[in-house]
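Take a moment to look over the sequence and the model. Then follow this walk through its parts.

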Amino acid sequence: MTKEKLLLLDGNSLAYRAFFALPLLTNDSGIHTNAVYGFTTMLQKILEEEKPTKMLVAFDAGKTTFRHSTYGEYKGGRQKTPPELSEQFPYLRKLLDAYCIKQYELEMYEADDIIGTLSKQAEEQKLQVIVVSGDKDLTQLASDNTTVYITRKGMTDIEKYTPDHIQEKYGLTPEQIIDMKGLMGDASDNIPGVPGVGEKTAIKLLKQYPTIEELYENVEQVSGAKLKEKLTTNEEQAKMSKQLATIDRQSPITITLDELVYDGPNVDELFSLWQDLSFKSLIEKSEFQSEATTTKELTFSILEDVSAEQLQDAMAVHIELADEHYHTCDRFGIALVDDKQAYYIPYDKAMASISLKEWLEDASKQKFMVDSKAAQAALLRDGIKLAGVEFDMLLAAYIVNPAIPSDDVATISKEFGYTDVLSNDNVYGKGAKKATPAIEAVAEHACRKANAVFSLQPKLEQLLRENEQFELYKQLELPLAAILSEMESEGITVDRERLVEMGHDLTTKLKTIEEDIYSIAGQAFNINSPKQLGVILFEKLGLPVIKKTKTGYSTAADVLEKLEPEHEIIRHILQYRQLGKLQSTYIEGLLKEIHEEDQKIHTRFQQALTSTGRLSSTDPNLQNIPVRLEEGRKIRQAFVPSNPEWLLFAADYSQIELRVLAHMCGDENLINAFQNGLDIHTNTAMNVFHVAEEEVTSDMRRAAKAVNFGIVYGISDYGLSQNLDITRKEAADFIERYFASFPGVQDYMKNIVEEAKQQGYVTTMLNRRRYLPDLKSSNFNLRSFAERTAMNTPIQGSAADIIKKAMIDMAAALKEQNLQTKMLLQVHDELIFEAPKEEIAILEKLVPEVMGKAFELNVPLRADFAFGPTWYDTK
DNA sequence: CTGGCCTGT
DNA sequence: CCTGGACAGGCCAGT
């Protein structure tokens, strides 16, 4: 029989630790779960590594303990437990029940004492003991048979205290930890100790006199008059502190070691609790996942060809792809599923099947899919124009809740209660372990995905209708997916030589700047390392530290700009950063993405990712190509039409977010400004500074512009003060005057937060939703963040709704008028086309008109445009 | 793999 | 008393 191993956990301390270490997560019904989650991940890890045979979680019993009779102020002045944590204790108890782990608490005693008593008993029986806590006090229990694990940040990072480790770290024995605490006290438990004695002094003293008692016997010999005086005047207090810090290893517990046998969790109970708590990553990672999630048999067949009879009028279709890069990756095969059958056809066989290809292009055959954009783009590589997409589970789920954490079919399905499908990571592995399994496994996986789509379609459509979001989904997002896949597949041509040339130029310039920096600094170092740079600037050159990060000195641009007058090195570093970014991200990064066969870049627009409804762009990101600074803007010279005779044409909405705000809040002043076509920032300046138009200085306009941005982002005085480099008071004053001039905006901001708190979510003009459980948080940061989000999301999201609508209208107009013009990119408030020269005149009228009419607001929507031989010239 | 930094709207 | 701008993606260094 293997040696018995006893695991003792300090329930309260670990729950506290987890609560403060992790952000305030919530499950689907809005219950906070971060403490339970952190506890669980820690527990999982320890169970796996230690495989204990006996376990117990000890809790503190009540407010008063025997220590209070020694010292009434014990643990006094403590913040009361935040309600977000208290509410989690019942779940923690349930969790431990599901694990079948014994729990224990004892009147008048703390968890420490229970653990101390049991560990002593266990040691006497020669058991191996592991104590787990977030509280370093417990390290006094370390011995040859007992190791104390203290969790560090993130809960799964553990420091193991053996007597050796304690010796190394403090130069003390475990027992002396008590003396150390007696001397230095403990603010969190309100143990006084000796005022003025901290960790360093305590250790120094204890190395000379091993205990507090011996120290006081020899107190006359202590060096340092001040220290000696502090010690003598606080003798009683020191001894009492030691007493308080001492764990009672003889507490009158009524539980015995024999009762602590641990035999593994109740898997079903644990799994269902994890589901209730929305512990999705744990469910995916866990070993019992496979048996718990795919219990149902699925019968499917792998076909060489498909007959017309096998293709129904409505089926779930899934194109199984090797990875997310659908413009280039391997395509494994196609799954076809309905309520009666499930087929899988390897991709090459599918492409050889005329009946299947016809069916895919037949708009009267309904396809239920997940990520139809990817499927359409993947098929377009073989010239197949997918038609008849009736349902897209990815988009439907995203509309129901944009916060779903992943686009994996398994994740989405589980979100809606369907578990009969594995995750991609599970089937293919991830990271270095990624590999393609046998065809049968791929076929089954693809069929299960299609089956999930087929099963969930009615439920999701019903949810969309209940939320009055069906139209948003069906009339906006679904048709947009088809348009985006065409834009991506079309791609944008890039002048490789131009980029290479700019790259050479940059290399030379960077070299020069680098040498300048080294010679000023007097040494070579890695300028790209914030850590090394920090040492040079703030230690070697002694520049003042303006801001710190978690890990050291901040060297961010706003900090460096403040330091610019202090030292000539700064401007070189700023220049180096700027050019280095261009080189690595935009020259080298873009070159890597050019497809050899067509000299084009094919980005992927993520349509189901942002929490506001915006698109994003990856591999590469074409929504953040430099424009602000001239050096960077030149990158745009490399973006050209696919035909040298054509031109690029760009149109962007003017102030779309502020117009949306004007529409939604109905503020008369703001509406008038737009209706009269005023310069909106100048107008704001006139109102805020109470001056006439001709009196508005450029500084006033700049400040007003920052205020307008602040309004859109969900204003805070602090944010504005940072932006304008003014005091918080001044910023608050600006905001107040803004609200006085635009009272409708103020009302809107107040009401939207209130409304969001009531119903739990905010909506956009087209009924896109975002849930904001943190509005009720007692954590100031989280709550403030949620409040700003409540103000910002309807604005940003409605603007996103509008441009999406414009894209659909634009695609229809181009088709209807039989134009050759191609829509290529969307950059949030901007659309980019390529067009033959002879169509430019048409676009000049058509594009602003379509964009302007995309949505009717109570202010005009205006789109400006420009065109030229490169993207750079569309300004 | 995370954090710092920088790019865009 | 202090907290702290909205939404994204990519690169690099350092763990």
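How do the residues of the lining of the largest pocket divide into nonpolar, polar and charged? The lining holds 24 nonpolar, 12 polar and 14 charged residues. Keep in mind that this is a predicted model.

Stay with that pocket for a while. Its volume is about 1,700 Å³. A total of 50 residues line the pocket, and the closest to its centre are Ile-625, Val-627, Arg-628, Arg-636 and Phe-709. Several helices and strands give two or more residues to this lining. Among them are helix H26 (557-563), helix H28 (630-633), strand S19 (646-653) and helix H29 (656-665). Helix H32 (698-713), helix H36 and strand S24 (863-868) are also on that list. The largest share comes from helix H27, with 6 residues. H27 covers residues 569-593. How can empty space be found in a model at all? Rolling a probe the size of a water molecule over the atoms shows where empty space is left.

Now place the pocket in the chain. The domain assignment splits chain A into domain 1 (1-161 + 256-288), domain 2 (166-247), domain 3 (291-487), domain 4 (493-601) and domain 5 (658-797). Note that domain 1 is written as two stretches of sequence. Where does the pocket lie among these domains? Domain 4 and domain 5 both give residues to the lining, so the pocket lies between them. The C-alpha centres of these two domains are 34 Å apart.

Step back to the whole chain. Chain A has 875 residues, and 53% of them are buried. Its secondary structure comes to 37 helices and 24 strands. Its C-alpha atoms fill a box of roughly 100 × 75 × 55 Å along the principal axes. Take the contacts between residues at least 6 apart in sequence: 66% of them join residues at least 24 apart.

Next, go inside. The largest nonpolar core has 189 residues. Leu-336, Leu-356, Tyr-653, Leu-661 and Val-745 have the most contacts inside this core. Helix H36 (residues 780-816) gives the core its largest share, 13 residues. Another core lies apart from it, with 47 residues. Leu-106, Ile-177, Met-180 and Leu-257 are among the residues of that other core.

Pick out Leu-661 in the largest core. Which residues does Leu-661 contact, leaving aside its neighbours within four places in sequence? They are Gly-666, Leu-670, Ile-711, Val-745, Tyr-748, Met-749 and Ile-795. Val-745 from this list is itself one of the residues with the most contacts inside the core.

Finish with the backbone. Most residues other than glycine have a negative phi, and most peptide bonds are trans. Three places in this chain deserve a look with that in mind.

Begin with Cys-100. Its phi is positive, about 60°, although Cys-100 is not a glycine. This residue sits in the loop between helix H5 (89-99) and strand S3 (102-105). Is Cys-100 buried or partly exposed? Its relative accessibility is 39%, so Cys-100 counts as partly exposed.

Asn-767 also has a positive phi, of about 75°, and is not a glycine. Look for Asn-767 in the loop between strand S20 (761-763) and strand S21 (769-771). Asn-767 counts as partly exposed because its relative accessibility is 23%.

The last place is a peptide bond. From Asp-619 to Pro-620 the bond is cis, with omega near -5°. Pro-620 lies in the loop between strand S17 (616-618) and H28.

Methods: Residues numbered from 1 in each chain as written. Chains lettered and ligands numbered in written order. Predicted model: local features only at pLDDT ≥ 70, side-chain atom pairs only at ≥ 80, totals over all residues. Heavy atoms only, no water. Core = buried A, V, L, I, M, F, W, Y, C linked by side-chain atoms within 4.5 Å. Buried < 20%, exposed > 50% of the residue type's maximum accessible area, 1.4 Å probe, protein only. Helix = DSSP H or I, 4+ residues; strand = E, 2+ residues; numbered from the N terminus. Contact = heavy atoms within 4.5 Å. 1 Å grid on protein atoms, 1.4 Å probe; cavity = no way out; pocket = protein on both sides within 12 Å on 5 of 7 lines; lining within 4 Å. Points joined across faces, edges and corners; volume = space filled by probe spheres on them. Nonpolar A, V, L, I, M, F, W, Y, C, P; charged D, E, K, R; others polar. Domains from an automatic or database assignment.
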